[in-house]
Amino acid sequence: MLRLLTLVFISVISLYGLSDSELLKRADAYMQTASKTDQFRAYNDYKNLYLRALMNEDNSLRLNALEGIVNSGKQLHIDVTQYAAELVKSKPISSYEPPKQEEVQESTSAAKIKIKPTHKLKSIRWNNERLVLEFNKKLRNNQINYFTNYDEKGQSYQYIFDIHASMLTRSQTLRKTGIDGIKLAQYNSNTLRLTIEDSSKVGVEFKKDTSMLIIKLTPSSTDTKVKEKVQPIVEQKRANNFDTKKIIVIDPGHGGKDPGAVGYRKYREKVVVLQIAKELKKILKSRGYKVYMTRNKDVFVKLRDRTQYANRKNADLFISIHANAVSQSGADKAYGIESFFLDKSRSNRAKKVAAQENSADMSEMDFYGKESFLNTLNSHNIVAANKLAIDLQRGMLGTLRKDYNNIHGSGVKSAPFWVLVGAQMPAVLVEVGFITHKMEAKRLVNRTYQKQLATGMADGVERYFANN
């Protein structure tokens with residue numbers, strides 16, 4: 001779900017009551033106004049229509065929805081590259097004008113859009129401790145996509161820059177003391193990829209200076225590398241004085257075609273929460289729990305299938321992990337960790353967060369229906385889920401505050417999250433921070449921070465079982 005800008009809350013009943021044609025008519029009407037609020041509403045309606053079209057295999061509705069998503073997204077400056085790519089593939093070129101070149105940012109998961117980049121790499125050189133890539137034209141912010149990855153098989157950290165440009169020379173392997181490898185290559189016809197890889201974490205800072213991309217690399221010291229390599233061997237593994245033969249299902253939010261929120265420096269929610277979920281699984285397993293995940297890789301899973309999976313596994317707990325987001329105008333002010341359990345919303349803030357997460361798959365509202373939803377709210381699991389949310393919140397805050405400043409807790413709240421509907425066990429949704437907030441986003445992509453965050457959640461799980 002693209003939540004870089006604020007989505008407007010739409011009530012369950014009103015959406016459920018509108019037909020496809022009525023919803024499309026409403027969205028088109030919103031787009032005719034100059035109001036940004038109405039354009040947000042239109043964008044949300046088009047996305048809901050798109051998901052309905054996929055469920056009902058309605059190709060005509062899908063194309064109308066895609067056009068609406070792309071047009072409204074461009075007005076709101078939301079990255080709709082993937083939707084534009086799908087539209088290009090689905091319609092004849094003559095009937096659709098694709099986005100301008102500067103609006104296209106190809107990602108590794110996007111469909112192929114054959115647009116030849118106009119920027120070319122002129123040179124690459126070291127300037128003291130900085131790596132300088134110089135291009136033939138001034139660089140734009142949306143040409144550079146930076147993200148990190150951890151290769152579990154090779155046990156290495158990867159820092160990747162994808163640049164919408166091409167090389168004048170062949171692939172190059174660069175060298176720097178303290179870093180295992182640096183490679184520059186043409187990833188595809190549109191994308192130049194710089195990969196920095198090391199067995200330990202590397203400090204990476206970069207800035208764009210007219211036609212140059214300047215990257216400062218700070219390798220870990222030899223002592224730090226040894227420490228990091230030894231640490232997994234002594235990872236938490238302790239005997240508990242209570243039963244750990246419990247089954248826990250961890251649900252990394254979003255995935256596949258649904259990237260979740262896209263925040264600071266284009267960090268994607270689906271990537272961050274999957275990394276945190278894997279850390280949590282590792283820690284819980286080391287403590288004797290049986291752990292499953294609704295997804296172990298970058299795939300799309302429908303909301304209803306997530307809790308159904310937990311039910312099939314006879315799970316004792318269900319924990320859905322997400323990252324929060326707000327509009328760019330409020331990005332500096334909104335930050336903090338919060339935990340939610342399924343119940344009727346008591347605050348507008350909780351309603352808005354639920355609306356954002358729910359819009360990832362609006363078909364769930366039709367699937368469960370109003371009566372099923374209300375019946376679920378009366379479940380005895382609500383009380384248990386409230387207790388679990390409190391323990392998870394305390395665990396995360398307590399662990400992180402030992403080593404980090406400005407760790408803010410936004411509390412435990414109730415909200416109608418559809419991903420929690422139907423769970424036959426205590427189910428909680430954790431928003432691990434705001435990916436749109438500069439400080440929190442940087443922390444959320446940091447592997448050490450992710451591990452400590454996961455440790456706090458694991459401590460909360462143990463506290464819950466010990467007290468219940």
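Begin by selecting residues 317–324, which are strand 13, together with residues 427–434, which are strand 16; in this predicted model the two strands run parallel and are joined by 6 bridges. Within that pair, pick out Ile321 and look across to strand 16, where Val430 stands opposite.

**The sheet around this pair**

Now widen the selection to the sheet to which both strands belong, an open sheet of 6 strands in the order 12-11-13-16-14-15, with mixed pairing. At its edges are strand 12, residues 290–293, and strand 15, residues 409–415, each of which pairs on one side only. If you look along the sheet, the twist from one strand to the next averages 20°.

Next, add residues 303–312, which form helix 8 and pack on the sheet, touching strand 11 (247–252), strand 12 and strand 13. The direction of helix 8 makes about 165° with that of strand 11. Then add residues 447–467, helix 13, which lies across strand 11, strand 13, strand 14 (337–342) and strand 16, and which runs at about 145° to strand 13.

**Strand 11 and its neighbours**

Turn now to residues 247–252 and colour them by accessibility. What is covered in strand 11, one face or both? Both faces are covered, with Ile247, Val249 and Asp251 buried on one side, and Ile248, Ile250 and Pro252 buried on the other. In a regular strand, side chains alternate between the two faces of the sheet. Since 6 of the 6 residues of strand 11 are buried, the strand is largely enclosed by the rest of the structure.

Keep strand 11 selected and show its pairing partners. Strand 12 runs parallel to strand 11 and is joined to it by 4 bridges; here Ile247 stands opposite Lys290. Strand 13 also runs parallel to strand 11, with 5 bridges between them, and in this case Leu317 is the bridge partner of Ile248.

**Helix 7, between the two strands**

Select residues 269–286 next, which are helix 7; together with strand 11 and strand 12 this helix makes a right-handed β-α-β unit. If you place a distance label between the end C-alpha atoms of helix 7, it should read 26 Å, which agrees with the 26 Å that its 18 residues should span at 1.5 Å a residue. Of those 18 residues 13 are buried, so helix 7 is largely enclosed by the rest of the structure.

Within helix 7, zoom in on Leu284, which counts as buried because its relative accessibility is 0%. Leaving aside residues up to four places away in sequence, Leu284 touches Ile248, Ile250, Tyr289, Val291, Ala458 and Val461. Show Ala454 as well: Leu284 and Ala454 are 170 residues apart in sequence, yet from C-alpha to C-alpha they are 9.1 Å apart in space.

Two backbone positions beside these elements deserve a stop. Just after helix 7, Gly288 takes a positive phi of about 100°. In the loop between strand 11 and helix 7 you will find His254, which has a positive phi of about 60° although it is not a glycine. His254 is buried, since its relative accessible area is 3% and the limit for that label is under 20%.

**A second sheet**

Move on to another open sheet, in which 5 strands follow the order 5-1-2-10-9 and the pairing is again mixed. Its edge strands are strand 5, residues 166–167, and strand 9, each of them pairing on one side only. Select residues 120–127 (strand 1) and residues 130–135 (strand 2), which pair in the antiparallel sense over 6 bridges; between them, Arg125 stands opposite Val132.

From there, go to the loop between strand 9 (203–209) and strand 10 (212–218), where Thr210 lies. Thr210 has a positive phi of about 50° although it is not a glycine, and it counts as partly exposed because its relative accessibility is 44%.

**The whole chain**

Finally, clear the selection and zoom out to the protein as a whole, which has 13 helices and 16 strands. Buried residues make up 55% of its 468 residues, and the accessible surface comes to about 21,300 Å², of which 48% belongs to carbon and sulfur atoms. Of the contacts with a separation of 6 or more, 73% are between residues 24 or more positions apart.

Notes: Residues are numbered from 1 along each chain as its sequence is written. This is a predicted model: local features need pLDDT of at least 70, side-chain atom pairs count only at pLDDT 80 or more; totals for chains, interfaces and linings use all residues. Side-chain values use heavy atoms; hydrogens and water are left out. Two strands pair if DSSP finds at least two bridges between them. Axes are lines fitted to C-alpha atoms, for helices over the stretch in contact, and angles run from 0 to 180 degrees between N-to-C directions. Contact means heavy atoms within 4.5 Å. Buried means under 20% relative accessible area, exposed over 50%, partly exposed in between (1.4 Å probe, protein chains only). Accessible areas come from the Shrake-Rupley method with a 1.4 Å probe; for residues, only the protein chains shown count as cover. A crossover is right-handed if, with the strands pointing away from the viewer, the path from the first strand over the helix to the second runs clockwise. The expected span of a helix is 1.5 Å times one less than its number of residues.
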